[in-house]
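Here are a few quick notes on this one, for when you have the viewer open. They cover the cavities and one helix pair.

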Amino acid sequence: MSLQWNGVMPAVFTWLKESKSGTLEIDYDVTQKQAAGILQAQGRAGSKMSGLVGSGTLGENSYLSNKQRLSLLKSLSEVAKDYNVPLISGAAAETKEELAKIVEGLAKVGVDTVMVMPPKTKAVPSEKEMYEYYALSEATAKDVGVTIMPYNNPDAAGYHAISTNLLTRLSVLSKVTALKISTIDVSIIETLMLENKDLKILAGVDTVTVYAGLAGASGGITGVGTIFPKASVTMQEYVLKGEWNEANKISRALNSLSYLDAQPLLMEYLKLAMGIHHNDVAGGLRTFGKKLTQQQINDVSARYILAKERLEVLDLLS
């Protein structure tokens with residue numbers, strides 16, 4: 001499979017159901033069905049999503065056991081293969097040795113590209129330590145036949161920032177096929193592109209999709225696009241063609257929901273919006289994460305309705 005990284009990739013939700021005992025468990029069938037539905041969507045120019053992200057921030061990742069996570073990714077790998085797109089998932093660890101084992105495990109269940117977060121350590125690692133951490137993951141990726149994507153998320157609490165100098169050094173490693181930059185400060189993307197115009201950079205925050213494209217990003221990983229895939233793919237089509245006015249119209253239409261993608265409870269908020277979109281509010285509220293207050297539920301609902309109304313005017317509802 002050729003990984004081009006030109007386009008948008010949905011970070012899909014892990015749908016849950018109640019077991020006979022009343023506990024929550026993964027609903028593999030619904031999760032696969034929704035992922036497939038998103039990958040089927042087409043933009044106005046006929047393009048589709050160019051990858052599938054599973055068990056990420058929006059996929060209940062931090063709440064799943066390792067066994068649950070690998071089972072989930074194995075089921076999503078079947079969907080990715082059906083639609084001939086790469087399956088992407090994340091990895092982070094305290095040590096480089098632990099990280100290498102995670103990369104090996106992800107490769108075994110069909111993950112094609114591993115988004116590698118910085119080390120999960122309290123102390124800020126040195127540049128040398130950070131480089132060695134990523135270098136071992138890249139070497140492991142080479143051994144097990146996958147690629148890696150260094151993932152810089154400096155705006156999120158608990159993640160060490162990766163310097164632009166280090167990102168540039170990592171980008172030339174043979175199994176590093178793209179970088180993921182999740183920040184509203186798109187000048188980071190522009191700085192990296194000035195160093196290497198051939199870099200493939202994916203934006204990770206929905207509010208800055210157009211600005212990231214202006215800065216040189218070739219695509220993005222989206223949460224809002226799981227809810228409104230036609231709009232998300234069409235916006236990216238315009239971005240790649242440099243038709244900024246048309247792209248901005250869609251960005252503004254999505255803005256009420258895109259705002260939620262940059263909030264601490266983004267998973268809970270956007271999953272509820274997905275539930276509303278599919279007339280399954282109860283399903284959207286089933287999460288291993290935090291329970292939403294009625295005020296939060298009402299806010300998400302109002303934001304979803306506003307985005308839907310704006311997209312309907314643009315004829316961009318799936």
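1. Which residues line the largest cavity? The lining is made up of Val8, Ala203, Val205, Asp206, Thr209, Gly220, Ile221, Thr222, Ser232 and Gln236. (A cavity is a set of points on a 1 Å grid over the protein atoms alone where a 1.4 Å probe fits but cannot get out, and lining residues have an atom within 4 Å of a point.)

2. Before going on: this is a predicted model, where local features need pLDDT of at least 70 and side-chain atom pairs pLDDT 80 or more, while totals for chains, interfaces and linings use all residues. Numbering starts from 1 along each chain as its sequence is written, and side-chain values use heavy atoms, without hydrogens or water.

3. The structure has four cavities of 30 Å³ or more, and the largest holds about 70 Å³. (Volume is the space filled by probe spheres set on the points, which are joined across faces, edges and corners.)

4. β10 (219-222) and α8 (229-241) each give at least two residues to that largest cavity's lining, with β10 giving the most, three. (Strands are DSSP E runs of at least two residues and helices H or I runs of at least four, numbered from the N terminus.)

5. Now the helix pair: the axes of α9 (residues 244-258) and α12 (residues 294-313) come within 8 Å and cross at roughly 170 degrees. (Axes are lines fitted to C-alpha atoms over the stretch in contact, with angles from 0 to 180 degrees between N-to-C directions.) α9 and α12 are therefore roughly antiparallel, the word for angles over 145 degrees.

Technical notes. 1 Å grid on protein atoms, 1.4 Å probe; cavity = no way out; pocket = protein on both sides within 12 Å on 5 of 7 lines; lining within 4 Å. Parallel < 35°, antiparallel > 145°, perpendicular 65-115°, else oblique.
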